[in-house]
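Good morning, colleagues. Please take a moment to look at the sequence and the model on the screen before I begin.

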Amino acid sequence: MAALAYNLGKREINHYFSVRSAKVLALVAVLLLAACHLASRRYRGNDSCEYLLSSGRFLGEKVWQPHSCMMHKYKISEAKNCLVDKHIAFIGDSRIRQLFYSFVKIINPQFKEEGNKHENIPFEDKTASVKVDFLWHPEVNGSMKQCIKVWTEDSIAKPHVIVAGAATWSIKIHNGSSEALSQYKMNITSIAPLLEKLAKTSDVYWVLQDPVYEDLLSENRKMITNEKIDAYNEAAVSILNSSTRNSKSNVKMFSVSKLIAQETIMESLDGLHLPESSRETSAMILMNVYCNKILKPVDGSCCQPRPPLTLIQKLAACFFTSCIIGYLIFYIIHRNAHRKNKPCTDLESGEEKKNIINTPVSSLEILLQSFCKLGLIMAYFYMCDRANLFMKENKFYTHSSFFIPIIYILVLGVFYNENTKETKVLNREQTDEWKGWMQLVILIYHISGASTFLPVYMHIRVLVAAYLFQTGYGHFSYFWIKGDFGIHRVCQVLFRLNFLVVVLCIVMDRPYQFYYFVPLVTVWFMVIYVTLALWPQIIQKKANGNCFWHFGLLLKLGFLLLFICFLAYSQVVFHGMLFAFIYLALQKRQILSEGKGEPLFSNKISNFLLFISVVSFLTYSIWASSCKNKAECNELHPSVSVVQILAFILIRNIPGYARSVYSSFFAWFGKISLELFICQYHIWLAADTRGILVLIPGNPMLNIIVSTFIFVCVAHEISQITNDLAQIIIPKDNSSLLKRLACIAAFFCGLLILSSIQDKSKH
């Protein structure tokens, strides 16, 4: 009864909401979101540097997330490379001195905070010719003005970056009097034109005063209140922003430290100076502001302009635009022809006469329609990860962000289950289910940033190995049973594997190896094909007549294993091929019981193997979870991961009831697993998987739901487009296929030539 209700409910849902309607809804969502983001950029500005300097939030205890963009964590070598032959000057009080120390420690972590605090502090790294100076000027007065004025003279070398700020000393010395605030306004008014003049040739930042923790302040600092600090900040912002009459001030306000301090000032030792972690965050923000536009780190989208279109990208845009225009013309002509041949009404009987026959859709129409859809999808890819239209955020790992979605999809996977059409080991529904849940786990692993958690990382490596195992099993089984070594089969598989990746390499300006999984699977497919296609070709039909051929095939596989080990590649694909051979041999000799509800072997053997499999599975899981050294675990992984894979296969297939059902939820995702894996790079994650795409800012949960919905719809549509194009571009006729292959080879030669021209022009 429950099963009947479930089926009826599913039919009712499918009647009103199909995959097609989901895609239409996704398209509407993309258009609305794009319009909203365009309007927001136009209204609030398109400068991510302003967001970096003025807004953000803490994702965790020490992880700062700027609004709308990603912040790169600079290493020592990167910082030196960016600041080579540069001079940076910090001018101000003890708080600016703290910022100076944190900035210098990015370049040289061994630099010590020592010496007289109330005097100038120099730093120089001779290997990179970097100079960073702290100039002690605790008040905005004539002394600070004279220091800045010297740099405005043409004969004096100016610092490349100037970071200035002061106020708390003025409040303290003058006991928070209103006269001191008036004098501060006068002094900063006289300094503002000098800073503006310097800002034309140097990067000038005015650091607004951070709040204090009044309960911790000593008696001689009690007059430094947050109310006074706000008044001084308002004066600085008002005067510096109005220093130019007809244009925006070139002096940038460093106000983000206020937000950082609001969250961390309680950890201060004296109520005035920030804890070290907060200072490090402010210093890293400064480094991002200056260096991102120079080094252009992938995971540092703040302050980076949109990359210019390459020649290949421009040609791709022209091609897709031509396809869209061509399809629209074709559609209009076809529609007009359809109207002319509309059924006419018989005047005598009053009935319609059908005078046309539904003509089949032409290959040209399918081709234009497919490239039209693909062009629109690629435009979305570009908008998400290259055009800076949508926002990006850094990843931040928590156990809940990984395990809660895992539990959620597990419940859905168990709930949506159906009977399999066949009960063979690793039948099609089961392999689709396997690929589906593995792909969903990998997606959650990527978006949650779980690579920093070693036990999760080791288990994900097993899933990648399981994909390769399936590659070996699936392709070996096909070639062994069918014996189809024709070029058409090879081209079909290679096209389906590589089509999307090749298009993304062109549109997103990325190398082929960047999408590492597809090249990996492609290489192993070719290894399997060559191994079985080389003389002597041994297939199931030939081997059935003579057991000698089985020995010959094992010998072939043995040589392949030696080849793999010699090149230090993963042996998982070999194990997949060997498993397929052993399974098919046992199946042919009717040793296995694959009937519905029957255990795979006799009860004793099945129970024994099931026990061994469960123990092996748990043993590997415990070992991976307790792994402490990433390098050592990676070294052992290729040899031991196959144990857990084989254990899972036996657990899933030995009991007859487990082999007779599958999760339709996981299997649906398994059919588009390749597209999901590739598409996540740019339209679910961001910055080439380093960050997260933000379509709806301020609401992480809603953002994940909407972006995931669009992402899955796009992946499903690309899967259909690839299948449609494969039928047209890869003909069954060998002579036509060879001509197409020659054209494809010429296309790639032209692409390589254009790519080399681009590289030369860049350098």
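I shall discuss one sheet and then the cavities.

This is a predicted model, in which local features need pLDDT of at least 70 and side-chain atom pairs count only at pLDDT 80 or more, while totals for chains, interfaces and linings use all residues. Residues are numbered from 1 along each chain as its sequence is written, and side-chain values use heavy atoms, with hydrogens and water left out.

The sheet is open and antiparallel, with 3 strands in the order 11-15-14. Strands (E, at least two residues) and helices (H or I, at least four) are DSSP runs numbered from the N terminus, and two strands pair if DSSP finds at least two bridges between them. Strand 11 (391-394) and strand 14 (685-686) are the edges; each has a single partner strand, so one side of each lacks a neighbour in the sheet. Between strand 11 and strand 15 (residues 691-694) there are 4 bridges. Methionine 391 has valine 694 of strand 15 as its bridge partner.

Now the cavities. A cavity is a set of points, on a 1 Å grid over the protein atoms alone, where a 1.4 Å probe fits but cannot get out; lining residues have an atom within 4 Å of a point. Grid points are joined across faces, edges and corners, and a volume is the space filled by probe spheres set on the points. How many cavities of 30 Å³ or more does the whole structure hold? The search finds 3. The largest has about 170 Å³ of space. Its lining comprises 14 residues, of which Arg95, Leu99, Val207, Asp210 and Leu274 are the closest to the centre. Helix 5 (94-107) and helix 11 (276-295) each give two or more residues to this lining, and helix 5 provides the largest share, 4 residues.

Terms used: 1 Å grid on protein atoms, 1.4 Å probe; cavity = no way out; pocket = protein on both sides within 12 Å on 5 of 7 lines; lining within 4 Å.
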